[in-house]
Amino acid sequence: MKSAAGVYQLYIDGEFVDAAGGRSFPVYNPATEEVLAEVAEAGAADVDRAVKAARRAFDTGPWAQSTPASRAQALFKLAAKVRVELASLAEVEAINTGKPIVEAEGDIDAVAEVFEYYAGLATKIPGLVNPVSANALSLSLKEPIGVAGLIVPWNYPLLMAAWKLAPALAAGCTCVLKPAEQTPLTAMMLAQWFAEAGLPPGVVNVVNGFGESCGAPIVDHPLVDKIAFTGSTAVGKEIVKRGAETLKRVTLELGGKSPNIFFADADWEASVDGALFGIFINQGEVCSAGSRILVERSIYPKFVEAITEKAKTIRLGAPLDRETKMGPVVSKEQYDRVQKYLAIGKTEAKLALGGGRPAEFEKGWYIAPTIFYDADNSARIAREEIFGPVATVIPFDVESDAVQIANDTPYGLAAAVWSRDIFRVFRVVKQLRAGIVWVNHMQPTCVEAPWGGYKQSGSGRELGPWGIEEYLETKQVHINLNENPIGWY
Ligand code: ADP
Ligand code: MG
């Protein structure tokens, strides 16, 4: 996995190799701001090698002869290995991202679960017999789309990789995976186990590097059939434009500004916890973060006070401390980005809590849980994704206002509604323009259920049977049953 010089290598065609240019880049520990590892930096030449290996593996290698059952076996083996190594994977994930170890353990458990789910689903993808005329038999066959480029972010590094690898492999695709440059380490650990799980060389390749020099060449490459991307909306748009050149199939899971809506009749304790959990889990570095907290006016002052008091008890600390509920944000770049929004927020709304770096930390990219209130939905802190521990609280008067404010956003990833009135709950659920709607909860994510966004939060769906469809083509087969079918000349 590492070169003699201690650099984490790339994984191409079944081997750990240096980057063609011999370059490497540092990866940081966000809690200490120290360099954690050096990682080989892939450029276009490395991407080309990885894509060609994936192409060969898809077209002519043993993988091309694989059966759904054999692919299921490989995925079950990979899942089992992840379970055996859960503690070490979670520790590396926590150290590299800054997330609390307890959350990291949950992430890695979910990684194993997603491999297990798609291992099971691999053997359950039937085709169809189409009801055409009596003198023909018409079939639709499900076939793998080909070489899939998988470009993932840094907030849930191995889990976002698994959400893509698992359905891609179950479908029979081959892959070029690009982890985020901030957090490549757990994907490199996983790469160690591909061969022993029974994945032939070239089936999964892992290249590390930066967006423009390593991600973009994957999107541009003519031998890549599909791109699955999770990341910012800005880069998602760039991928659609660049991918158009070779008409890539593209699925996108992008940003959000998800409303977390509280009606006066909702359970009080659950609501206060739900508002905080919705935005402060994983330091707020969550695409589905409940970053807009919409509160019915009759409970609004009391609610702002209650979430502020409770947020004061959220324990910030070292990622490996089991009592820690929030760690640092992932990088200096992200820290600066959030700081910029804190300054903007102070001009747009009132500050109930936080608003900067907590005094007790000398090092580390820590940001205090921050609550802005009395914000208007037109404020930048209500419209733009901050991707950090920053909540924007907005009052509303009646149900129709709540829906209107909730939907007044270019995004549409997720939303949550808290109420005990089932008539209201279902009315609101039906009107929300979001791909995921939670009722009396926020953030639970189930591998069996579809995940993805409306509007500028993306296109396509991950997880469940929807997830594997995005890696499948449909082939129509028309079988003539008529001895002399044409009879035209
Ligand atoms: P962030 O700004 O939070 O880092 P990004 O959307 O930039 O989020 O990054 C998500 C992933 O997309 C990372 O793996 C990153 O390297 C990659 N990426 C960034 N820019 C591009 C690009 N132009 N083409 C392809 N991938 C990119
Ligand atoms: Mg970026």
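## Overall shape

A compact globule of 489 residues would be expected to have a radius of gyration near 23 Å, and because the protein has 24 Å, its value agrees with that expectation. This is a predicted model, and every value in this report should be read with that in mind. Along the principal axes, the C-alpha atoms fill a box of roughly 80 × 65 × 40 Å.

The secondary structure comprises 16 helices and 21 strands. Of the contacts between residues at least 6 apart in sequence, 73% join residues that are at least 24 apart.

## Burial, surface and charge

Of the 489 residues in the protein, 56% are buried. The area that the protein exposes comes to about 19800 Å², and carbon and sulfur atoms supply 55% of it.

The charged side chains number 47 positive and 58 negative, and the centres of these two sets lie 3 Å apart.

## Cysteines without a bond

A disulfide is a covalent bond between the sulfur atoms of two cysteines. How many disulfides does the count come to in this model? The count comes to 0, and two of the cysteines help to illustrate the reasoning, which rests on a cut-off of 2.5 Å between sulfur atoms.

For C173, the closest cysteine sulfur belongs to C175 and lies 6.5 Å away, so the two are too far apart for a bond. For C214, the closest cysteine sulfur is also in C175, but the distance there is 15 Å, which is again too far for a bond. C173 counts as buried because its relative accessibility is 0%, and C214, with a relative accessible area of 0%, is buried as well.

## A buried threonine in a loop

T183 is placed in the loop between strand 9 (174–178) and helix 6 (185–191). Is this residue, T183, buried or exposed? Its relative accessibility is 2%, and so T183 counts as buried, since the limit for that class is under 20%.

Once its neighbours within four places in sequence are left aside, T183 is in contact with N96, T97, P153, W154, P157 and V330.

## A partly exposed glutamate in a strand

E143 belongs to strand 7, which covers residues 136–144. With a relative accessible area of 27%, E143 is partly exposed, because that class lies between the limits of 20% and 50%.

Which residues does E143 touch, not counting those up to four places away in sequence? They are Y471, L472, E473 and K475. In addition, E143 and G172 stand 29 residues apart along the chain, while their C-alpha atoms are separated by 7.7 Å.

Technical notes: Residues are numbered from 1 along each chain as its sequence is written. Chains are lettered from A and ligands numbered from 1 in the order in which they are written. This is a predicted model: local features need pLDDT of at least 70, side-chain atom pairs count only at pLDDT 80 or more; totals for chains, interfaces and linings use all residues. Side-chain values use heavy atoms; hydrogens and water are left out. Helices (H or I, at least four residues) and strands (E, at least two) are DSSP runs, numbered from the N terminus. The radius of gyration is taken over C-alpha atoms; the globule rule is 2.2 Å times the number of residues to the power 0.38. Buried means under 20% relative accessible area, exposed over 50%, partly exposed in between (1.4 Å probe, protein chains only). Contact means heavy atoms within 4.5 Å. Accessible areas come from the Shrake-Rupley method with a 1.4 Å probe; for residues, only the protein chains shown count as cover. Lys and Arg count as positive and Asp and Glu as negative; His and the chain ends are not counted. The place of a charge is taken as NZ of Lys, CZ of Arg, CG of Asp or CD of Glu.
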